[in-house]
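User: Please pick one part of this model and look at it closely, together with what surrounds it. I would rather have one connected account than a list.

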Amino acid sequence: MPLPFDDLEPVVLSVIVPAYNEIAVLELCHRRLRGVMEGIGLPYELLYVDDGSHDGSGEALMALASQDRHVRTIRLSRNFGKEAAITAGLDHARGEAVILIDADLQDPPELIPDMLAAWRSTGADVIAMRRRHRSGESWFKRGCAHLFYRLLSRLSEFPIPEDTGDFRLLSRRVVDAIKRLPERSRYMKGLFAWVGFPTHEILYDREPRAAGHSKWGFFGLVRLALEGVTSFSAAPLRWVTGLGLVTAAAGAAFGLFIVLRTLQGHPAPSGYPSSMAMMTFLGGIQLLSVGLLGEYVGRIYVETKQRPRYLVRDMGETAGRPASRRE
Ligand code: UDP
Ligand code: MG
């Protein structure tokens, strides 16, 4: 079956831009991206993925696609989250090199030529952009991100680079490799690391958002962090086993101690407060462990359902067809 974009003009570079309620920055974003891409002079496509926005971003992007032949817009049927939006972009990108970039201009498009130059000169398959600086983000978010990246790289069996976001260039073979990964829960940074391939890092300063506000609330980030940890490491399960062993051993030792003391003629200590403390402590640990286990079981449950990772509402790409074949 021919793919819907079979008859589009071939491209070398694809830029994937996930956008969720980004109407405030879209125009500026497009202008800057376009300027940079025109300057490079290779055939390119700008692949905007509208992740179920409800502020008119989707309509604006569809309009762009009908005006600018370099623009293709994929509209998802609802908000599936950034990871799914990127997946949709990767599935539809056609370039030999694919660049992922945020719509909010925190990742400056002006760095794309440097990424390309590095791709050509080093021959690496992945050019990962590492943040030197995160301006415009609260110290709390920076602190949490710092801790999270370090924790994750300790836990997982293969290195997941720290302070590296989704801003990166991927060669065609990496994109194809990622497309073969079947999982539903997609912690992208982990998947990028898992597929491996020679990677070159470039340091950059992350800018504050050009306009609008971050789509990640505190709980969204906690969810992403949990997803990252549970998709890439079973170490927390081992910790819980270890914790269980240690508390059981401590309990047994304490019991033995009391028996010995009673045998020596000391009256049994009256211990309402201490038993209450022990009970709540152990109860807490048990609930925590069950919750953690549930987290992994839930992950299995989601995977077994085998639902699609996103649904496409419509695609805007008519302007990209050669004139003879336009409907
Ligand atoms: N985004 C998305 N779907 C979502 C949330 C975010 O496609 O459900 C996009 C968003 O439009 C932006 C990028 O992901 O282009 C990064 O989001 P944001 O700037 O809110 O995250 P932050 O930079 O604060 O981590
Ligand atoms: Mg941002």
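Analyst: The account below starts from the first helix and its packing, and then moves outward to the loops, the domains and the later helices.

This is a predicted model, in which local features need pLDDT of at least 70 and side-chain atom pairs count only at pLDDT 80 or more, while totals for chains, interfaces and linings use all residues. Residues are numbered from 1 along each chain as its sequence is written, and chains are lettered from A and ligands numbered from 1 in the order in which they are written.

The part chosen is helix H1, residues 23–40, where helices (H or I, at least four residues) and strands (E, at least two) are DSSP runs numbered from the N terminus. Because each residue should add 1.5 Å, its 18 residues should span 26 Å, and the end C-alpha atoms are indeed 26 Å apart; the expected span is 1.5 Å times one less than the number of residues. Along H1, the buried residues are Val25, Leu26, Cys29, His30, Leu33 and Met37 (a residue is buried if 20 or more other C-beta atoms, placed from the backbone, lie within 10 Å of its own, exposed if 12 or fewer, and partly exposed in between). These buried residues pack against strand S1 (13–19), strand S2 (44–50) and helix H2 (57–67), with contact between two residues taken as C-beta atoms, placed from the backbone, within 7 Å.

The packing can also be read from the side of H2, whose buried residues are Ser57, Gly58, Ala60, Leu61, Met62, Leu64 and Ala65. They pack against S1, H1 and S2, and also against strand S3 (71–76) and strand S8 (312–316).

Both flanks of H1 carry a residue with positive phi. After the helix comes Gly41, with a positive phi near 80°. In the loop between S1 and H1 lies Asn21, whose phi is near 50°, a positive value in a residue other than glycine. Most residues other than glycine have a negative phi. Asn21 counts as partly exposed because it has 19 C-beta neighbours inside 10 Å.

A positive phi occurs again at Leu105, a residue other than glycine with a value near 65°, in the loop between strand S4 (97–100) and helix H4 (112–122). Since Leu105 has 21 C-beta neighbours inside 10 Å, it counts as buried. Gln106 belongs to the loop between S4 and H4 as well, and it counts as buried because 21 C-beta neighbours lie inside 10 Å. Leaving aside neighbours within four places in sequence, Gln106 is in contact with Arg206, Glu207 and Arg209, while its C-alpha atom is 9.6 Å from that of Phe167, 61 residues away in sequence.

On a wider scale, the chain is divided into domain 1 (13–217 + 308–317) and domain 2 (234–305), with bounds from an automatic or database domain assignment. The C-alpha centres of the two domains lie 44 Å apart, and four residues from domain 1 meet four residues from domain 2 in the contact.

Helix H9, residues 235–263, has 29 residues that should span 42 Å at 1.5 Å a residue, and its end C-alpha atoms agree with this at 42 Å apart. Because the number of buried residues in H9 is zero, it lies largely in the open, and it is followed by Gly265, with a positive phi near 95°.

The axes of helix H8 (218–232) and helix H10 (272–305) come within 10 Å and cross at roughly 80°, where axes are lines fitted to C-alpha atoms, for helices over the stretch in contact, and angles run from 0 to 180 degrees between N-to-C directions. H8 and H10 are therefore roughly perpendicular to each other (under 35 degrees is roughly parallel, over 145 roughly antiparallel, 65 to 115 roughly perpendicular and the rest oblique). Leu226, Thr230 and Ser231 of H8 make this contact with Glu295, Tyr296 and Arg299 of H10.

Val302 also sits in H10, and with 13 C-beta neighbours inside 10 Å it counts as partly exposed. Not counting residues up to four places away in sequence, Val302 touches Arg184 and Ser185, and its C-alpha atom is separated by 9.3 Å from that of Glu183, 119 residues apart along the chain.
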